[in-house]
Amino acid sequence: MRIADINKDGYLDMVAGGVCVDLKDPQKHGFPIFWGSASGFYTRNRTVLHFKQAAIRGPLLMDLNKDGWLDIAGQVEDGKVKIWWGSAQGFNDTNFTNIDVGENERFMYIKGADFNKDGWLDLLLPKREPYKETNSSFIYYGSPNGFSSKNRVEIMSYAPYDNSIADFNKDGWLDIFLTSYGSDAKGNRPSLIHWGSPDGFDQKPVTKLPTYGASGAETADYDGDGWIDILVANHRWAGSYYKPIPHHHITKSMLYWGGPDDFSPKRRWEIQTVGPSGLNLRDVGNSYDRGLYEDYVSSAYKIAKGEKPIAISWKADTPHNTAVKFQIRVADKETGLASADWYGQHGKGSWYTKSGSKIKGLKGKWIQYRARLITPNGGATPYLTAVTIKFK
């Protein structure tokens, strides 16, 4: 399941994996979008995007072309990834793009992040191939021209399932944790960390971490030491993943502790589990850089003639060392706001960190603010309830 306000009506919507019948055309099936409303959710208030295959894994929900509308990416045909493009008119069966990988492969939960820091979301396509001793997954780099097999790289994998992306070593570049789910009776293969760098993922050796049929990972700073840790849900001990006997699903899951000395089997916490399968599909942190924050950008407001902003104040609950800070941008035209610079207390690029801060030197006919909601560990979050900008 993916959750967001897809149609921008102020209510959260839900995109579900799996398959359901289209009530408007029972001869067709697909995956549903359940639309939120003031009265909640109900069965008939949904849109079904059609396909001929049986099901789709949890789809990706991100704005992949930066047009302001969320898009959906998933696989409904071996060897191809389909992107349904969102718009003000919603989704339909004709507004899509297929990425043909050129191989008859099946992918697990697709993820997006800006690995090369060019401002465009890239796609991680984890290849599900449990029968091979070695395997590779794809990274498709995004661009204004979309996605292409000419602009992709391959990274080593075994049989990844639900994976995570984060900056584990705090060098400013995103790293990838690939679970190792599928195996045979020979034993479990390790999960892998691919280390990002300005030159891609092949500049540092891959880290191999022992896991037991790892089916999910969730990254956060669980012990509050400033380093991202990796919680791994292990599905089963060594043995066949499709034969019911012998039963290997009672095994240990684990929490690998992050730190300046990398991850190690000597620094992990274990807990007995019974066959967990996957964790949260969405990684903690910002979609682009996995920073421990989320940004809210306000609507655009027209400034009354002859007035200018002089102060900004807000009300927010900030438990457990969470925080909120603000920036403002102005322009003479509403359309000019998108390219205008953000300003804070100390000029361009800075932030207002204290409620009641004075606004100096900003003039324009239109104004917009950005609130950054910060979490210190990926768990607790602030709760913003009011923002006031004073004019004179």
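**Salt bridges in a predicted model**

In this predicted model, the count of salt bridges comes to 13. The exercises below work through some of them.

**Exercise 1.** Determine how the side chains of Lys 28 and Asp 25 meet, and classify the exposure of each residue.

*Solution.* Begin with the contact: the two side chains, of Lys 28 and Asp 25, form a salt bridge with an N to O distance of 3.8 Å, which satisfies the criterion of lying within 4 Å. Next, take the accessibility of each partner, remembering that partly exposed covers the range between under 20% and over 50%. Lys 28 has a relative accessible area of 40% and is partly exposed, and Asp 25, at 26%, is likewise partly exposed.

**Exercise 2.** Find which residue forms a salt bridge with Lys 127, and establish which parts of the chain the pair ties together.

*Solution.* The partner is Glu 105, with the closest N and O atoms 3.9 Å apart. Lys 127 sits in the loop between strands S11 and S12, whereas Glu 105 belongs to the loop between strands S9 and S10, so the pair links parts that are 22 residues apart in sequence. As for exposure, Lys 127 and Glu 105 are both buried.

**Exercise 3.** Locate Lys 111 and Asp 283 in the secondary structure, and state whether they are buried or exposed.

*Solution.* First, the closest N and O atoms of this salt bridge are 2.7 Å apart. Lys 111 lies in strand S10 and Asp 283 in the loop between strands S21 and S22, so the pair ties together parts 172 residues apart in sequence. Finally, both Lys 111 and Asp 283 are buried.

How values were computed: Residues are numbered from 1 along each chain as its sequence is written. This is a predicted model: local features need pLDDT of at least 70, side-chain atom pairs count only at pLDDT 80 or more; totals for chains, interfaces and linings use all residues. Side-chain values use heavy atoms; hydrogens and water are left out. Buried means under 20% relative accessible area, exposed over 50%, partly exposed in between (1.4 Å probe, protein chains only). Helices (H or I, at least four residues) and strands (E, at least two) are DSSP runs, numbered from the N terminus.
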